[in-house]
Amino acid sequence: MWSFETEPEFAEKLDWMRDFVRTHVEPIDSLFHQDQAYNPGNQALRAILAPLQAEVRAQGLWACHLPPALGGNGYGQVRLALMNEILGRSFFAPTVFGTAAPDTGNAEILAHFGTAAQKTAYLQPLLDGEIVSCFSMTEPQGGADPRQFTCRATRQPDGSWRLNGRKWYSSNARWAAFLIVMAITDPDVPVHQGASMFVVPADRAGVTILRNVGTTFDPPGSGSEAYIDYRDVVLHDADLLGAAGDAFRIAQFRLGGGRVHHAMRSVGLAAKALDMMCERVLSRTTQGSLLADKQMVQEVLADCWLDIEQFRLFVMRTAWKIDQLNDYKAVREDISAAKILASRVLISTVSKAMHLHGSLGISNEMPFGDMLLRGFVMGIADGPDEVHKVTIARQLLRRHRAAAGLFPTTHTPAVTRAAIQRHAAALDLPGETSPWIDYVRGLTADQLDA
Ligand SMILES: Cc1cc2nc3c(=O)[nH]c(=O)nc-3n(C[C@H](O)[C@H](O)[C@H](O)COP(=O)(O)OP(=O)(O)OC[C@H]3O[C@@H](n4cnc5c(N)ncnc54)[C@H](O)[C@@H]3O)c2cc1C
């Protein structure tokens, strides 16, 4: 069954969220640097966030991505997508609603694969918002190709493990209470079978942040993307998340829903850029008329609207498919496509919004730079677009076969010949027909290569 309707009770919750995010959360974006969202020691920010988080809890909208057993309300991906569209308008909104990455994904894998002791030590405080966490997988010599990973955990004679290696761009490690680290535990098999996940307390001996890297607009020395050295870190089986060799299975589990949430947040952010564009062109007069009255500007608005609406429908369909099939693997290509579109639509829409605001758009008095960066981040984080395009192409090709003969199965002479044979009796009746009929009738089998 196809439906584009939202249940009235849930629509009311979305209305509440829309108003709450615009009025109370969006303004916080201008008060703090984005990475402070993860800094548990920022008392000023915590004092502002705490009452807002309490309101979200009171509305029953805290950490809605979680299953009911962990305090979520069991919303499917369609509802979560509609919520994330609203959260996408503000960087701090996911923190206010208990759905900030990478904590969301880390909580999900701890809930699914963690031991009882790991759940008590890490999951519960994470869900309660008392601590933040880090996911440490990418390595400096190559992020998009795990076959280049070298970070190793080696089994010791006493049964413990020693972790050695470097990780790059581990977000928020500086604030994290623990890091989920991917390491090779069996170098003799392909990395997809020989890598494991460990839950490593941030204060364990041998974990050193070499430097914190910022994004392009940050001053040198600032930022929260950590370059980390793991040197002879002592780990035990109790620190393993899942079984040895499970790392990629766990990583895939972690990314499925998260990518759809990010895509829908990108819809929300792109829509915000379009709103800003519309307000601007209705407010600015040049050469005798409003910008809004100029056809070239109207074309930009229409194109942006088309892009966003198509993208939104695509992400909603992806969310719907996940709810129907309950299997992320079955919608791999949709999830990859949603991620690629997020980057494409965000960059394209925000660039146009920035351009239509002229010098003001370029200035640091408007948020377009940060919004644009989000588009570029969407194209790289969790795997660059090219890798996701390969996924799509592979899935697509699985549904096709090579032509048996020299020419394609859609080659017009062969198709015509088969149709002539099937409809021979009818074609003898009077009536105008295609010139292909006489031409094909005149061809020998050898000429057709049939
Ligand atoms: C904001 C942000 C936060 C991040 N947070 C984390 C985190 O918390 N934890 C973590 O572990 N990692 C994190 N990452 C790292 C992210 O997962 C990697 O950046 C990503 O996997 C790409 O790896 P790379 O940066 O090494 O790029 P590379 O692998 O060097 O790729 C660079 C470029 O090469 C091209 N390319 C790569 N592969 C192919 C291919 N197969 N075919 C054609 N072209 C290709 C693409 O243009 C690609 O953009 C984060 C990244 C960003 C930007």
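A residue counts as near the ligand here if its C-beta atom, placed from the backbone, lies within 6 Å of it. Keep in mind that this is a predicted model.

**Around the ligand**

By that yardstick 19 residues surround the ligand, and the ones that come nearest are Met137, Thr138, Gly143, Ala144 and Ser171. Three elements give two or more residues to this shell: β1 (133–136), β3 (161–171) and α13 (385–398). Strand β3 supplies the largest share, with three residues. As for chemistry, the shell splits into 10 nonpolar, seven polar and two charged residues. Where do the residues of the shell come from, in terms of domains? Domain 2 (133–241) and domain 3 (251–398) each put in at least three.

**The overall layout**

Stepping back, the protein is cut into four pieces: domain 1 (8–114), domain 2 (133–241), domain 3 (251–398) and domain 4 (412–448). If you look at domain 1 and domain 4, their C-alpha centres sit 64 Å apart. The C-alpha trace as a whole spans about 90 × 75 × 45 Å along its principal axes. You'll find 17 helices and 10 strands in there. Of the 450 residues, 36% are buried. Take the contacts between residues at least 6 apart in sequence, and 70% of them join residues at least 24 apart.

**The core**

The largest nonpolar core has 106 residues, and Phe198 and Val315 are the members that touch the most others. Helix α8 (residues 247–283) is the top contributor to this core, giving 14 residues. What does Phe198 contact, once its neighbours within four places in sequence are set aside? The list runs to Ala153, Leu163, Val181, Ala183, Leu235, Asp239, Leu240 and Leu241. One of these partners, then, is an aspartate, Asp239.

**A well-covered helix**

Helix α3 (residues 77–87) is worth a look, since 10 of its 11 residues are buried. The buried ones are Gln77, Val78, Leu80, Ala81, Leu82, Met83, Asn84, Glu85, Ile86 and Leu87. Polar and charged side chains are on that list too, including Gln77, Asn84 and Glu85. The cover over the buried residues of α3 includes α1 (8–25), α4 (93–96), α8 and α9 (295–325). Helix α8 turns up here as well as in the core, where it gives the most residues.

**Backbone oddities**

A few spots in the loops deserve a second glance. Here are their backbone angles.

| Site | Feature | Angle |
|---|---|---|
| Ala101 and Pro102 | cis peptide bond | omega about 0° |
| Ala63 | positive phi, not a glycine | phi about 45° |
| Asn172 | positive phi, not a glycine | phi about 65° |

Pro102 is in the loop between α4 and α5 (103–113). Ala63 belongs to the loop between α2 (43–58) and α3, while Asn172 is placed in the loop between β3 and β4 (178–184).

Are the two residues with positive phi buried or exposed? The cut-off for buried is 20 or more other C-beta atoms within 10 Å. Ala63 has 22 C-beta neighbours inside 10 Å, so Ala63 counts as buried. Asn172 has 23 C-beta neighbours inside 10 Å and therefore counts as buried too.

Technical notes: Residues are numbered from 1 along each chain as its sequence is written. This is a predicted model: local features need pLDDT of at least 70, side-chain atom pairs count only at pLDDT 80 or more; totals for chains, interfaces and linings use all residues. A nonpolar core is a set of buried Ala, Val, Leu, Ile, Met, Phe, Trp, Tyr and Cys residues joined through C-beta atoms within 7 Å. A residue is buried if 20 or more other C-beta atoms lie within 10 Å of its own, exposed if 12 or fewer, and partly exposed in between; C-beta atoms are placed from the backbone. Helices (H or I, at least four residues) and strands (E, at least two) are DSSP runs, numbered from the N terminus. Two residues are in contact if their C-beta atoms, placed from the backbone, lie within 7 Å. Domain bounds come from an automatic or database domain assignment.
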